[in-house]
Amino acid sequence: MVNPATIKKLMQARNTFSANHPKFSAFFGSIFGSGIPEGTILEITVTKPGQESVTTNMKVQQSDIDLFQGLQELAK
């Protein structure tokens, strides 16, 4: 069982993140809002100050979709 206080804290953190990064949140909302089908490739690049960029990717599998759907249910 998930602690309701923990869920509240996470929701507040999510709201703060969205307020601090509205374009990023809107981007994810538009991409993930319509669903991500199996076989979709997600790629992310991270560039830390003074360091080389690092890029990785993943091909979405059904088990990933199941996980994200489960997490969405927890957030409701």
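The second largest pocket is lined by F24, F27, F28, F32, L42, E43, I44, T56, N57 and M58. The model is a predicted one, and this pocket makes a handy way into it. The space inside comes to about 190 Å³. Three elements, namely α2, β1 (41-46) and β2 (54-59), each put at least two residues into the lining. Helix α2 takes the largest share of that lining, with four residues. Sorted by class, the lining of the second largest pocket splits into seven nonpolar, two polar and one charged residues.

Next comes the largest pocket, with a volume of about 1100 Å³. Its lining runs to 26 residues, and R14, F32, F68, L71 and Q72 are the ones that lie nearest the centre. Here α1 (4-20), α2 and α3 (62-75) are each good for at least two lining residues. As for chemistry, the lining of the largest pocket holds 18 nonpolar residues, along with seven polar and one charged. Helix α2 therefore turns up among the contributors to the largest pocket and to the second largest pocket as well. F32 also has a place in both linings: F32 is one of the residues nearest the centre of the largest pocket, and F32 is listed in the lining of the second largest pocket.

Then there is the surface. F17, F24, F27, F28, I31 and F32 together make a nonpolar patch of about 530 Å². Helix α2, which spans residues 22-33, gives the most to this patch, with five residues. Among the patch members, F24, F27, F28 and F32 also line the second largest pocket.

Two patch residues can be looked at one by one. F28 sits in helix α2 and has a relative accessible area of 33%, so it counts as partly exposed. That value clears the cut-off of over 30% relative accessible area used for patch residues. F17, on the other hand, belongs to helix α1. With a relative accessibility of 38%, F17 is partly exposed too. Along the chain, F17 and K48 are 31 residues apart, and 19 Å separates their C-alpha atoms.

How values were computed: Residues are numbered from 1 along each chain as its sequence is written. This is a predicted model: local features need pLDDT of at least 70, side-chain atom pairs count only at pLDDT 80 or more; totals for chains, interfaces and linings use all residues. Side-chain values use heavy atoms; hydrogens and water are left out. Patches are made of residues with over 30% relative accessible area and no salt bridge: like charges are joined within 9 Å, nonpolar side chains (Val, Leu, Ile, Met, Phe, Trp, Tyr) within 5 Å. Accessible areas come from the Shrake-Rupley method with a 1.4 Å probe; for residues, only the protein chains shown count as cover. A salt bridge is a side-chain nitrogen of Lys or Arg within 4 Å of a carboxyl oxygen of Asp or Glu. Buried means under 20% relative accessible area, exposed over 50%, partly exposed in between (1.4 Å probe, protein chains only). On a 1 Å grid over the protein atoms alone, a cavity is a set of points where a 1.4 Å probe fits but cannot get out, and a pocket is an open set with protein on both sides within 12 Å along at least five of seven lines; lining residues have an atom within 4 Å of a point. Grid points are joined across faces, edges and corners, and a volume is the space filled by probe spheres set on the points. Ala, Val, Leu, Ile, Met, Phe, Trp, Tyr, Cys and Pro count as nonpolar, Asp, Glu, Lys and Arg as charged, and the others, Gly among them, as polar.
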